[in-house]
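Q: Could we go through this structure together, one part at a time? I would like to begin with the sheets and then turn to the ligand.

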Amino acid sequence: MSLLQLEGVSKRFGQVVVGEGITFQLDSGDALGIVGPNGAGKTSLFSMISGDIAPDSGVISFDGADLGHLSANRRARAGIGRTYQVPRPFEHMTVFENTLLAAQQGAKLRGQRSYDAAYGALDRTGLGDFANRRAGSLTLLHRKRLELGRALATSPRVLLLDEIAGGLTDLEVNLLTEIIRDLRHDGIAVVWIEHVVRALVSTVDRLLCLAGGVIVADGEPKEVLASEAVRSVYLGGKRIVEGVS
Ligand SMILES: Nc1ncnc2c1ncn2[C@@H]1O[C@H](COP(=O)(O)OP(=O)(O)OP(=O)(O)O)[C@@H](O)[C@H]1O
Ligand SMILES: [Mg+2]
């Protein structure tokens, strides 16, 4: 039995197909990357897993149970954590208050356990020294880390990362991939949507390419990136394989 399993998941917004028969599975400690052009349905896929939007058809199960109509909150408590493409911290709160709120609201932890989860998340994301800063005053790197920290504070078993490396320098991306490798090591399953392909390839062991809501390639990262299907999806084909070989 897989930790996370999608079977024939489909969704459209009017005429726009964002998911069509999406099927894959994931076990503890697995790291799966997702690439695909803008508008392919990548973020929508996360929203269906996290419970922010409902699929039109198909089954998403977690730990053997159909998530069905479980609310986003219940899914977070069950162990599904996600980050958002546009980081959305509470700007006026401190970094620590943001992770504490995630632990208390997302995971419904109380008292000392919520504090431990919040501090643990800051530790793991290297934000310990920033605990008392206002979230609104952070640089992009630290905002991305806080987005990750808020997801970690909910003690996820599956972590859905939506473009957390975009806009960062190479060095900053490396620091981020180290954090993600550590998380895998602890048995957290990671699904990572990213346009910074170099970061993905060094971190994931499997890659999906999504286009028009359909999985057009699925397999070993470098093979997927080199595949005809993926090249034809990206006009000018080269961009996706830059810096990989
Ligand atoms: N709530 C919504 N209502 C209507 N259309 C939507 C909604 N959410 C997304 N869409 C549309 O669905 C398509 C897929 O969007 P999605 O955000 O999933 O793409 P994406 O692969 O994450 O793209 P990007 O790489 O730009 O982040 C887009 O055409 C988008 O405009
Ligand atoms: Mg997106």
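**Sheets, ligand and loops**

A: In this predicted model, one open sheet has 4 strands in the order 2-1-4-5, with antiparallel pairing.

Q: Which strands are at the edges there?
A: Strand 2 (16-26) and strand 5 (65-66) are the edge strands, and each of them pairs on one side only.

Q: And over how many bridges do strand 1 and strand 4 pair?
A: Strand 1, residues 4-13, pairs with strand 4, residues 57-62, over 5 bridges in the antiparallel sense.

Q: What is the bridge partner of glutamine 5 in strand 4?
A: The partner is serine 61.

Q: Which strands does helix 1 lie across?
A: Helix 1, made of residues 42-50, lies across strand 1, strand 2 and strand 4. Its direction is at about 120° to strand 1.

Q: On to the ligand. How many residues surround ligand 1, and which are the closest?
A: Ligand 1 is surrounded by 14 residues, and the closest are Gly39, Lys42, Thr43, Ser44 and Gln85.

Q: Which element gives the most to that shell?
A: Helix 1 does, with 3 residues.

Q: What about polar contacts, starting with asparagine 38?
A: In asparagine 38, an N or O atom of the side chain is 3.0 Å from an oxygen atom of ligand 1. For alanine 40, a polar backbone atom is 3.1 Å from an oxygen atom of the ligand. Serine 44 has a polar side-chain atom that lies 2.6 Å from an oxygen atom of ligand 1.

Q: How much of ligand 1 does the protein bury?
A: Taken alone, ligand 1 exposes 640 Å², and the protein buries 60% of that.

Q: Which elements give two or more residues to the shell?
A: Those elements are strand 2 and helix 1.

Q: Let us go to the other sheet. What is its strand order?
A: This open sheet is formed by 6 strands in the order 6-7-8-3-9-10, and the pairing is mixed.

Q: Why is one side of strand 6 and of strand 10 left without a neighbour?
A: Strand 6 (80-82) and strand 10 (214-219) stand at the edges of the sheet and each has a single partner strand, so one side of each has no neighbour in the sheet.

Q: By how much are neighbouring strands turned against each other?
A: On average, neighbouring strands of this sheet are turned by 20° against each other, direction ignored.

Q: How do strand 9 and strand 10 pair?
A: Strand 9, residues 206-211, and strand 10 pair in the antiparallel sense over 5 bridges. Within this pairing, leucine 207 has glycine 219 of strand 10 as its bridge partner.

Q: What does helix 6 touch when it packs on the sheet?
A: Helix 6, residues 170-185, touches strand 3 (31-35), strand 7 and strand 8 (189-193). The direction of helix 6 makes about 150° with that of strand 8.

Q: Last topic: the backbone. Where is lysine 108, and what is its phi?
A: Lysine 108 is in the loop between helix 3 (95-106) and helix 4 (111-124). Its phi is near 60°, a positive value in a residue other than glycine.

Q: Why does lysine 108 count as partly exposed?
A: Because its relative accessible area is 36%, which falls between the limits of 20% for buried and 50% for exposed.

Q: And serine 155?
A: Serine 155 also has a positive phi, near 50°. This residue is in the loop between helix 5 (140-152) and strand 7 (158-162), and at 44% relative accessibility serine 155 counts as partly exposed.

Conventions
Residues numbered from 1 in each chain as written. Chains lettered and ligands numbered in written order. Predicted model: local features only at pLDDT ≥ 70, side-chain atom pairs only at ≥ 80, totals over all residues. Heavy atoms only, no water. Pairing = 2+ DSSP bridges. Contact = heavy atoms within 4.5 Å. Axes fitted to C-alpha atoms, helices over the stretch in contact; angles between N-to-C directions. Buried < 20%, exposed > 50% of the residue type's maximum accessible area, 1.4 Å probe, protein only. Near = heavy atom within 4 Å. Polar contact = N/O pair within 3.5 Å; in protein donor to acceptor, adjacent residues only side chain to side chain. Areas by Shrake-Rupley, 256 points an atom, 1.4 Å probe, with all protein chains shown as cover.
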